[in-house]
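Me: Before we settle on any labels, I would like to go through this entry and ask what each one rests on.

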Amino acid sequence: MIRTATKRVIEPVSRKAWRKNVRQYHVLAIESSCDDSSVALIDRQPDRVSLIDHQTESLDSATVGGIIPSDAKTHHQGHIGPIVQRMLEKHGNIKPSLVCATRGPGMMGSLSAGFNLAKGLALAWNVPLVGVHHMVGHLLTPRFFSNGQSPQFPFVSLLASGGHTMLVLSTSVVDHHVLANTVDIAVGDMLDKCGREIGIRGNMIGKEMEALVKNHDREALLRERPQDWKLPNPLQNQHGRIDMCAFSFAAFISATKKILQSIDNNLTDHQQLVLAAEIQRAIFHHLVSKVGLSLRMAAQDGRISLDKPLDFVCSGGVASNGVLRSMLQEALPDNLVYHFPEPRWCTDNALMIGWAGIELWENHGLHTDFPALSRAKWPIDELLTADCWLQS
Ligand code: AMP
Ligand code: ZN
């Protein structure tokens, strides 16, 4: 058994070496990094994987203008245990042989509520615990639906959610390299802020904004927009920023506020629609253009090849947006092979945590020691340098 300290001492081993971990078993998975209490029960067979059950209870933040961390923690403390209990009872009190839970990154109180319950269950059942990296869960999601066959490594992922905006090159289950990251806030957070500013309400304002614009002719709405309603494309206007492989969203909220001030905050329903279309266009245009740039730069220095098919995963809540999906397909190189998980598996869920745990356990024999603490910050390219990994 190998224990890891702060530097990476576990080297990835071949999938074949850990095939002994592939057999029939059940997996319980818990996700609680933000405001969704999610639990999954997974049936693992040697030649297939299937979801037995999945349940989510989300914190209702619609009236408070954003997620309050202490409310999210209390929500998880009150909900995850009962969801697990009901699910196990519903399925004949199955005793899982592997427990997976999000260890980080995320909100500390939220993470701890789920991770500590997972620790207790794994201890009581005397089974391995896998503390999963939330973003690794997002990017491995499509592999669940192909039993680990597709996409094959290496592949690139755009992770666009309420907490993260990253372009990641994955060369194995445990090796992830950030090609571009946000320098300020996440794309979903900005969609939510701008949407709230123009009067859209709900728990997932980005999603409500898509629904609002969906039944209208988007191009026609954009043609109606006055010249001074055009939102900026950040990191373009100064020398050294045009070629910067990074995203920046902070400018969109001040620009939106400026537009509202210019009309004395009197927005008609129709103007709200026009502005919503413009917010989506501008934010996604920035995202897509920086993804394109980062792919070209990575190809130039030999980290990826764009001359042959390259798998491209889009995951995270924002990645379920249809406008974004079509803008990516229109603007990015033709050789990309897209993997768009169903919207319900793009937003936070426990299926992805269960599957990532299965991949870590089966392909690398990795599991987590019980002194492990939740990690509010956990860079995706430092997966194995975290403490408390065990390999057996
Ligand atoms: P996540 O952090 O992955 O759970 O995703 C939540 C974020 O995704 C929130 O900022 C939502 O507003 C955003 N989101 C969810 N669905 C959509 C959608 N269809 N279009 C745009 N943003 C979305
Ligand atoms: Zn997420």
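Me: What makes you say that the buried residues of α4 pack against other elements, and which elements are they?

Reply: In this predicted model, the buried residues of α4 pack against β7, β8 (165-172), α5 (205-214), α7 and α8, where contact is taken as heavy atoms within 4.5 Å.

Me: Which residues of helix α4 are buried, and how do you know that they line one face of the helix?

Reply: Within α4, which spans residues 187-197, the buried residues are Val 187, Gly 188, Met 190, Leu 191, Cys 194 and Gly 195. Looking down the axis of α4, these buried residues fall within an arc of 160 degrees, and therefore they line one face of the helix. Just after α4 comes Gly 199, whose phi is positive at about 95 degrees.

Me: What makes His 134, His 138 and Asp 348 donors of the zinc ion (ligand 2)?

Reply: A donor is an N, O or S atom within 2.8 Å of the metal, and the atoms concerned, NE2 of His 134, NE2 of His 138 and OD of Asp 348, lie 2.1 to 2.2 Å from the zinc ion, so these residues count as its protein donors. Their spacing in sequence is H-x3-H-x209-D, and both histidines, His 134 and His 138, belong to helix α3 (residues 134-144), where they stand 4 residues apart, about one turn of the helix.

Me: Why are His 134 and His 138 called buried?

Reply: The term requires under 20% relative accessible area; His 134 has 4% relative accessibility and therefore counts as buried, and His 138, at 0%, counts as buried too.

Me: Why is Asn 126 called exposed, and what is the phi of this residue?

Reply: Exposed means over 50%, and Asn 126 has 69% relative accessibility, so the label applies. Asn 126 sits in the loop between α2 and β6 (129-133), and its phi is near 60 degrees, a positive value in a residue other than glycine.

Me: Why does Asp 264 count as exposed, and where is it found?

Reply: With 61% relative accessibility, set against the limit of over 50%, Asp 264 counts as exposed. It is found in the loop between α7 (251-262) and α8 (269-300), with a positive phi near 50 degrees.

Me: Which peptide bond leading to Pro 151 is cis, and where does this proline lie?

Reply: The bond from Ser 150 to Pro 151 is cis, with omega near 0 degrees, and Pro 151 is placed in the loop between α3 and β7 (155-160).

Technical notes: Residues numbered from 1 in each chain as written. Chains lettered and ligands numbered in written order. Predicted model: local features only at pLDDT ≥ 70, side-chain atom pairs only at ≥ 80, totals over all residues. Heavy atoms only, no water. Donors = N, O, S within 2.8 Å, 3.2 Å for Na, K, Ca; no water. Helix = DSSP H or I, 4+ residues; strand = E, 2+ residues; numbered from the N terminus. Buried < 20%, exposed > 50% of the residue type's maximum accessible area, 1.4 Å probe, protein only. Arc of directions from axis to C-beta.
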